[in-house]
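Biologist: I'd like a close look at one part of this protein, taken slowly, please. Could you walk me through it in plain words?

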Amino acid sequence: MSFEAVYDLPGYAERPGVAPLGKIRCYPISVSEASDTVNNYIRQNWRNLARSPRGKLEYPYLVPGSVYDNLWDWDGYFIAAGAPAEAREYIIGTALNLTDTPLLDGKPVKMSSPDGDLSYGPHPYPLRAQFLRLCVNRFDCREIVTRQRVEKICRTLEFYEQKTADGDGFFCWQTMPGIDNNPSVYGRNSGETCGADLMSFHYREYLACAELQEMCGVGDPEENRCKAEKIKTLLNRCNRSRKDGFYYDLHRPSAPVIHKQMLNWVNRIPYRGCSGVFPLWAGVADRGMIAEVWKIFSDPEEFMTPWGIRSLSKREEMYNNAPGANPSNWQGPVWSLPNVLLVYALNDAGMKDEAADLAGRIISLLASDIMSNGCMHEYYDAENGEPVLKPGFISWHMLTFELMENLERDFSPFVL
């Protein structure tokens, strides 16, 4: 049985600023030409994302573009990882706006309004320590790593442990995740899905926090390294399937019904989606594991297209490429973020040719859009490469800036 994707969005996809500007008509001659096209476009347009301090945002910052004129946590982080160096003031400001504004219980801000008001409602990503570490790596700005900021980050980690982790140490989504309609999470009860993506962010966050603690002498860095190792173990023993090597999300019911047999196994949610990329990017998978799961991601009947990997396996019954917003559609379309993260994972695993090939696909897709429509869109139809929604979106497309050059010199902005 197949299911038609139904979104309650009357007329939304036709609104000005949301509707795609046009079809793809032009194609780059080579990956080199595509890379030059994308690099030049980002150099010329990144300032369209720059915003001055306003409201409760004390520092200049970067927004995703298109209809998104506000600060977002994971968009901000990935924009900062790829943006040109001349955006230094805005990259650091984005990090500080996110790091300096937790609630008293440690809950971090998720996003802002265009006017600078702060929103704490949706589940925020654990990435403050990673963000400061990224800034230090890029700009050697160790002066931003203060005791007060690191203490806030440690308090935020305690918030996550107390409010979002279960008794076995699995971190679970409390609201709709950044992969909006991930079928492992969307429509399920709060706190019942342990996301492979979420666990990966927590793994990196503990490691990054330990580095910051050592910089300014706060707390016990080894305690956070031990917590990171525990998450790595859980991801590889529980989220990762022995059958196929894929990292699945887990069902973690708050009150499982058990009788006389102890419930001592994990319930993997059997959907293959792009959340399975994040453990590869985070560094919890060794080279053999990455090579094994690459067989799935490189299969055209599952993920691979001429434009990059799909956000959900084509074999899943809810696979579709329909235009969607709130939730945005991650049930099939090609998004640049998981593609670039997979590129870096492959390159780090020594799979250089595979990394370059995948990078060339997503860069060529974005270059074709720039050449045809003068901009990039938020995501693309996996069946024909056509833009789906929201012209002018840049956000994590920024990660494709000088991506081919980074591969050539074995550089990753995500090193901890």
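In which helix does H202 lie? And what goes on around that helix?

Modeller: Sure! Keep in mind that this is a predicted model. H202 lies in helix α6. The residue is buried, because its relative accessible area is 0% and anything under 20% counts as buried. Which residues does H202 touch, if we skip its neighbours within four places in sequence? Those contacts are P126, Y160, F171 and I231.

Now look at F201, which also lies in helix α6, a helix that covers residues 196-216. F201 is buried too, with a relative accessible area of 0%. A handy bit of background: a pair of aromatic rings is described by the distance of the centres and the angle of the planes. F201 pairs up with F78, with 6.3 Å from centre to centre and 70° between the planes. That makes the pair edge-to-face, because planes over 60 degrees apart get that label. F78 sits in helix α2 (residues 73-82), so the pair ties together parts that are 123 residues apart in sequence. Like its partner, F78 counts as buried, at 0% relative accessibility.

There's another edge-to-face pair to find: Y125 and W173, 5.4 Å centre to centre, with 75° between the planes. Y125 is in the loop between β4 (118-119) and α4 (128-139), while W173 is in the loop between α5 (147-163) and β5 (193-194), so this pair links parts 48 residues apart in sequence. Y125 is buried at 0% relative accessibility, and W173 counts as buried at 2%. The count for the model comes to 31 aromatic pairs.

Back to α6 and how it meets α4. Their axes come within 7 Å and cross at roughly 55°. Why call α4 oblique to α6? The angle is roughly 55°, and it counts as oblique because it falls outside the ranges for roughly parallel (under 35 degrees), roughly perpendicular (65 to 115) and roughly antiparallel (over 145). The crossing of α4 and α6 is left-handed. On the α4 side, the contact is made by R128, A129, Q130, L132, R133 and V136. On the α6 side, the residues include F201, R204, E205, A208 and C209. So F201 has two roles in this picture, because it is in the ring pair with F78 and it is also part of the contact with α4.

How values were computed:
Residues are numbered from 1 along each chain as its sequence is written. This is a predicted model: local features need pLDDT of at least 70, side-chain atom pairs count only at pLDDT 80 or more; totals for chains, interfaces and linings use all residues. Side-chain values use heavy atoms; hydrogens and water are left out. Rings of Phe, Tyr and Trp (its six-membered ring) pair if their centres lie within 6.5 Å; planes under 30 degrees apart count as stacked, over 60 as edge-to-face and the rest as tilted. Helices (H or I, at least four residues) and strands (E, at least two) are DSSP runs, numbered from the N terminus. Buried means under 20% relative accessible area, exposed over 50%, partly exposed in between (1.4 Å probe, protein chains only). Axes are lines fitted to C-alpha atoms, for helices over the stretch in contact, and angles run from 0 to 180 degrees between N-to-C directions. A crossing is left-handed if the near helix is turned anticlockwise from the far one by less than a right angle, and right-handed if clockwise. Contact means heavy atoms within 4.5 Å.
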